[in-house]
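Me: Got a fold open here. Can you walk me through some of the packing and pairing?

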Amino acid sequence: MKIELKEITIRELTKGYQDNDENGVVGYGGKLDIRPPYQREFIYKDKQREAVIDTVTKNFPLNVMYWAVREDGNFEVIDGQQRTISICQFVDGDFATVVGNIPEYRGFSNLQANEQEQILDYKLMVYLCSGTDSQKLEWFKTINIAGEKLTEQELRNAVYSGSFVSSAKPIFSKRNCPAFGLASEYMNGSPERQDYLETVIKWISNGNIETYMLNHQHDPNANEIWLYFQSVISWVKATFPKYRKEMKGIEWGFLYNEFHKQSFDHKKLEEEISQLMQDEDVTKKKGIYEYVLTRKEKFLNIRAFTDNQKREAYERQKGICPVCTEHYELAGMEADHITPWHLGGKTSAENCQMLCKDDNRRKSGK
């Protein structure tokens, strides 16, 4: 891996600066991708960007910035995006601030020639990083320690930048993007922070996000994951046509991968879901959807017996395990449903029995 420290003037940085939806935010003569299209919105408040300009006009040093060297020889900002945009916006005339000893807000075009030159000649310190994908990813994680931190997926987007990521971002990474419009009720997180893109790649790759991005880095488009995502959401809506707020944030892709080829009666599923939603023993309502497909009670967090219920059952049994008929202290026993929960048994004192730990675990493992 090669890391090079380079001085770049604001004059060089702001040359060819553009900010639009089609081309994203670019500068440095069109060679620097400051914010790839639809990646992250500008988040600095007025006072923050004014502070950046104040630092420059006083000739104080700004924190070092970090750029990645792309395969085509161009660059992408990894750390310093907000500072870079603040500088470019000021020079481009987007906002005014107090400069020097004149106590009034002035835009760049209102400054004296010598004031403009001082700003344009200001030198920024930039680290340029080039190397293998794995080297760059590790490096980005190391330097991503200040300011508005990059998410894991933003780091991956930088490392595996290419036609696949460029195609995926307009679909999954913009406010009110197509993925948000299709599935916001079912997804957690924010498209702008790459949560949607990360989630769909995690689903389609069964958790191997970086391997998938490496293998598809130079795909001409992101059609595969977009079609897959649409299939997942369509399957969810067909299988569970009645929407509940508990459906938001479930790992639907993993369930789709395992069950989408099976046939389900959505009316019977809805009847069961409705009953489970009313069952006071089910303490994790979101897990109902996973349970009705997998039949694994762990998703439901069935209500545990209270200490009083355990003590009552223990005294009733006089400390005798009904399976092995041996006597145990209370600490050596565990509560068990006499009639299993899935057969209608409730978590009540009448349905509680105390088994020795070995017998209870043997029963649970059946």
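Me: How do helix 7 and helix 9 meet, in distance and angle?

Reply: This is a predicted model. In it, the axes of helix 7 (residues 163–172) and helix 9 (residues 195–204) come within 9 Å. They cross at roughly 115°.

Me: Left-handed or right-handed crossing?

Reply: Right-handed, helix 7 passing helix 9.

Me: Which residues make the contact?

Reply: Helix 7 brings F164, A168 and F172. Helix 9 answers with Y196, L197, V200 and I201.

Me: And how do those residues divide into nonpolar, polar and charged?

Reply: Seven are nonpolar. None is polar and none is charged.

Me: Switching to strands. Is strand 6 buried or exposed?

Reply: Strand 6 covers residues 75–79, and five of its five residues are buried. It is therefore largely enclosed by the rest of the structure.

Me: Which way does strand 4 run against strand 6, parallel or antiparallel?

Reply: Parallel. Strand 4 (residues 32–35) is joined to strand 6 by two bridges. D33 has E76 as its bridge partner there.

Me: What about strand 5 and strand 6, parallel or antiparallel?

Reply: Antiparallel, with four bridges between strand 5 (residues 65–69) and strand 6. A68 has E76 as its bridge partner in strand 6. So E76 is the partner named for D33 and for A68.

Me: How many residues sit between the strands of that hairpin?

Reply: Five residues lie between strand 5 and strand 6. In the turn, G73 has a positive phi of about 90°.

Key. Residues numbered from 1 in each chain as written. Predicted model: local features only at pLDDT ≥ 70, side-chain atom pairs only at ≥ 80, totals over all residues. Heavy atoms only, no water. Axes fitted to C-alpha atoms, helices over the stretch in contact; angles between N-to-C directions. Left-handed = near helix turned anticlockwise from the far one by under 90°. Contact = heavy atoms within 4.5 Å. Nonpolar A, V, L, I, M, F, W, Y, C, P; charged D, E, K, R; others polar. Buried < 20%, exposed > 50% of the residue type's maximum accessible area, 1.4 Å probe, protein only. Pairing = 2+ DSSP bridges.
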